[in-house]
Amino acid sequence: MKLTRRQWLHLCYAVPGAGLAGRWALQAAEGTPPANMIIRSARPEDFEMPLEGFLHWLTPTDRFFVRTHLYRPKVDAAVWRLRVEGEVRTPLTLDMAALRQLPRVELVSVLECAGNGRGFYRPTVPGAQWRYGAVGNARWAGVRLADVLRKAGLKAGAKQVLLNGADVPMGAVPDFQRTVEISKAVHPDTLLAFEMNGAPLPESHGFPLRLVVPGWAGDSWVKWVTNIQVLDRDFDGFFMKTAYRRPPHPVEPGTAVDPAKMQPVTGIRPKSVIATPLDGQHVGPGAVTLRGAAWAGEAPLARVDVSTDNGRTWRPARLGADRARYGWRLWEAEWNPPPAGSYVLMARATDTAGEIQPLAQDWNPSGYLWNVVQQVRVTVGQGAAVAAPAESLPTFPPEVKASCVGCHGEDMMAGQRLTRAQWERELDKMTRWGASVKPADRPAILDFLAGHFGPR
Ligand SMILES: Nc1nc2c(c(=O)[nH]1)N[C@H]1C(S)=C(S)[C@@H](COP(=O)(O)O)O[C@H]1N2
Ligand SMILES: [Mo]
């Protein structure tokens, strides 16, 4: 994306102190968003895989979802170093050649964003409104984090491993830093990966090095890793203490919950997605094949069952031959639809620990770990599918542009469905993060946002 002089001025106005880092980021993140993805936010990059992606066992890299809180850095591999310090006997500074001397490990694993499916929670919650495609299945190659930690020599008090990436700062937005508890960090399947699908990691996916944490949600899969610090205590940075937490018990939907009373997101849950037929599609007459992909977390996927009668009866789907411990499985099931009518198709995953994908789920304040069984409504034998009308963006008034476009675009706001009270909280959060909102403009900004992007 090219910035006009006016946009540059907006940026400097909207992001006090953004300075050189901010400008560098804008250059680094420049580029046209891919045409074959659903763009939730062009900058920072939040791209969702369309449903066709669930027809591939390995997700083609150019169709793999991208989730970035800050700006994507442009890392020069020649000067890049990995620093390992903290509760270790020998702090290390490794370049890529030194890292590659450790045993190479390859594995296929699903990577799913904790917020995948957030867009389905009611009441709606703020954040990228992902539907199904904030997930992908790739072949990762690298070295074991355990081998790196062994080389440095873990001290007895080691409790958590803190990873920091080269994310480019944005205003006063907290840096993306995450910890993984020591037991998961030294698990032989937890990798520092430098390859994805047989090629060097692309920039958007963490070049030159990212963490791979099979079975755990994407927020632990730190990209652009430069620093590893072993801690003898819990880390209290924003992305551990405030974000990526959910309540251990059901809470009143729509309420705020004290982060101290919530727990960090770790493992993902069994889930299946129907790629075809599509919701609203007109099918048949004649046999129809349901196809999709299914996965689970630390306990592998055991089975997928389908229902073509709104959940009254279930029968097993056929699982594809391609499989890996943490990978997803393609599945298919034949359906001979009755001559005419309207039917709800469902697919439900079960893991080897016996956890079954639910038909309904408790709400949580940030909309994490959605795995409610998908419902695909199709009609057989009559009429044509009705296409949903395309939505067009309203024109953003100058005061909203001045305060809110700079760090990210209009798309970040247009994707939300929030009440006025929720928009108030967003304004406060963005102000803390560096947005400058003139008090006199606040009511007009709120009117616009709540008016156009309220709950439906
Ligand atoms: N440094 C850094 N690492 C990061 C993030 C980030 O914003 N910065 N986003 C995380 C989140 S929330 C997810 S879901 C995954 C997404 O990985 P992908 O973009 O390769 O799909 O990266 C994780 N690693
Ligand atoms: Mo995520």
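Visitor: Where does ligand 1 sit?
Guide: In this predicted model, ligand 1 sits in the largest cavity.

Visitor: And which residues are closest to ligand 1 there?
Guide: The ligand is surrounded by 20 residues, and the closest of these are F65, D167, H205, R210 and K223.

Visitor: What classes of residue make up that shell?
Guide: The shell around ligand 1 is made up of ten nonpolar residues, together with five polar and five charged ones.

Visitor: Which side chains have an N or O atom next to a ligand atom, say for D167 and K223, and at what distance?
Guide: For D167, an N or O atom of the side chain is 2.6 Å from a nitrogen atom of ligand 1, while for K223 a side-chain N or O atom is 2.5 Å from an oxygen atom of the ligand.

Visitor: What about the backbone of H69?
Guide: A polar backbone atom of H69 is 2.9 Å from an oxygen atom of ligand 1.

Visitor: How much of the ligand does the protein bury, then?
Guide: Ligand 1 taken alone exposes 530 Å², and the protein buries 100% of that area.

Visitor: Switching topic, how many disulfides are there in the whole structure?
Guide: A search of the whole structure finds zero disulfides.

Visitor: Why is C407 not bonded to C404?
Guide: The closest cysteine sulfur to that of C407 is in C404, but because the two are 9.8 Å apart, they are too far from each other for a bond; the cut-off for a disulfide is a pair of sulfur atoms within 2.5 Å.

Visitor: Is C407 buried or exposed, and what about C113?
Guide: C407 counts as buried, because its relative accessibility is 16%, and C113, at 6% relative accessibility, also counts as buried, the limit for that class being under 20%.

Conventions: Residues numbered from 1 in each chain as written. Chains lettered and ligands numbered in written order. Predicted model: local features only at pLDDT ≥ 70, side-chain atom pairs only at ≥ 80, totals over all residues. Heavy atoms only, no water. Near = heavy atom within 4 Å. Polar contact = N/O pair within 3.5 Å; in protein donor to acceptor, adjacent residues only side chain to side chain. Areas by Shrake-Rupley, 256 points an atom, 1.4 Å probe, with all protein chains shown as cover. 1 Å grid on protein atoms, 1.4 Å probe; cavity = no way out; pocket = protein on both sides within 12 Å on 5 of 7 lines; lining within 4 Å. Sits in = over half its atoms within 2 Å of the grid points. Nonpolar A, V, L, I, M, F, W, Y, C, P; charged D, E, K, R; others polar. Buried < 20%, exposed > 50% of the residue type's maximum accessible area, 1.4 Å probe, protein only.
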